[in-house]
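Please open the predicted model in your viewer and switch to a cartoon representation with side chains available on request. The tour goes from one selection to the next.

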Amino acid sequence: MKTFTNISSMRAACRAAKLERKRLGFVPTMGALHEGHISLVRAARAQCDVVAASIFVNPTQFGPNEDLASYPRNLERDSELLKQEGVELLFAPTVEEIYPAGSVTWVTVEGLSDKLCGRSRPGHFRGVTTIVAKLFHIVEPDAAFFGQKDAAQLAIIRRMARDLRFSVEIVSCPIVREPDGLAMSSRNAYLDPQQHKQALVLYRALTTVKSAFDSGERRAQKLVAAGKQGFTQEPAVRLDYFEIVDPESLDPLENVSQGALVAVAAFVGRTRLIDNVLLGQAS
């Protein structure tokens, strides 16, 4: 595996792979890798000839009171994991390399970036779409792999790629869960054993909604109420939002059909976690 810290070297390596008519897959990450990330790498490995990855803790997607300073970082460990999974090209730039002094240009997906997590974290998705656009410009992948756990992010990146005519296929990969059902996340490392147990309410609430839908309930108001009910049994968990939305527009639904997205965000202690299920599909 070759590791690059500057844009010109990474771009040259990616273009060299494409000149050989190899299909280039790309997995962007912020490091602190877990099995969810590894599943993206394996999907890229299965569908592409060459796999590139990035590790970059993107400061512009963190709010002023969020966990940028404490976000887990271990480049040596993460690099070794990616190497073991057959990643050929790793991009691990500095903040200064990505955001030159005086940067004032942003990529914003209007109408989607202020929904779900975007409503709770103003400016978050502007930071996400800006860094992903920059990475797409540098790597020029044929396919980029993202996890379904970040469902709103996935919808927004799909729209950005379409609107800006990026010639990249956006591939969604299933959520990877702990044996007890908790969706894997780098932020799970913040949870102590008691908080980990409390965090399971997110997935329980989603499965409650899924079961009600599978039993025939189609009224979003009823389904949301059923999901929220579970949180009354975990007073230490503070619900941010619990919504049923269209997976592409992220607009709330009144009457629910197959494929609708049930999305939840909640604080367990000071740790904000998200999870979701798509109704009518395997979880």
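**Starting at helix H10**

Begin by selecting residues 220-229, which form helix H10, and then pick out Ala-220, Leu-223, Val-224 and Gly-227, the residues of this helix that are buried. Viewed down the helix axis, these residues lie on the same side of H10, because they cover an arc of only 95 degrees around that axis. To see what covers the buried residues of H10, add residues 201-214 and 237-245 to the selection: helix H9 and strand S7, respectively, are among the covering elements.

**On to the sheet**

Next, display the open sheet of six strands, whose order, read across the sheet, is S1-S4-S3-S2-S5-S6 and whose pairing is parallel. At its edges you will find strand S1, residues 2-4, and strand S6, residues 169-173, each of which pairs on one side only. Looking across the sheet, neighbouring strands are turned against each other by 25 degrees on average, with direction ignored.

Now zoom in on S1 together with residues 89-91, which make up strand S4; the two strands pair in the parallel sense over three bridges. Within this pairing, select Thr-3 and then Leu-90, its bridge partner in S4.

**Helices across the strands**

With S4 still shown, add helix H3, residues 75-84, which lies across S4 and strand S3 (50-55) and runs at about 165 degrees to S3. Finally, return to the edge strand S6 and select residues 151-163, helix H7, which lies across S6 and strand S5 (143-147) and runs at about 170 degrees to S6.

Conventions
Residues are numbered from 1 along each chain as its sequence is written. This is a predicted model: local features need pLDDT of at least 70, side-chain atom pairs count only at pLDDT 80 or more; totals for chains, interfaces and linings use all residues. Side-chain values use heavy atoms; hydrogens and water are left out. Two strands pair if DSSP finds at least two bridges between them. Helices (H or I, at least four residues) and strands (E, at least two) are DSSP runs, numbered from the N terminus. Axes are lines fitted to C-alpha atoms, for helices over the stretch in contact, and angles run from 0 to 180 degrees between N-to-C directions. Contact means heavy atoms within 4.5 Å. Buried means under 20% relative accessible area, exposed over 50%, partly exposed in between (1.4 Å probe, protein chains only). The arc is that of the directions from the helix axis to the C-beta atoms.
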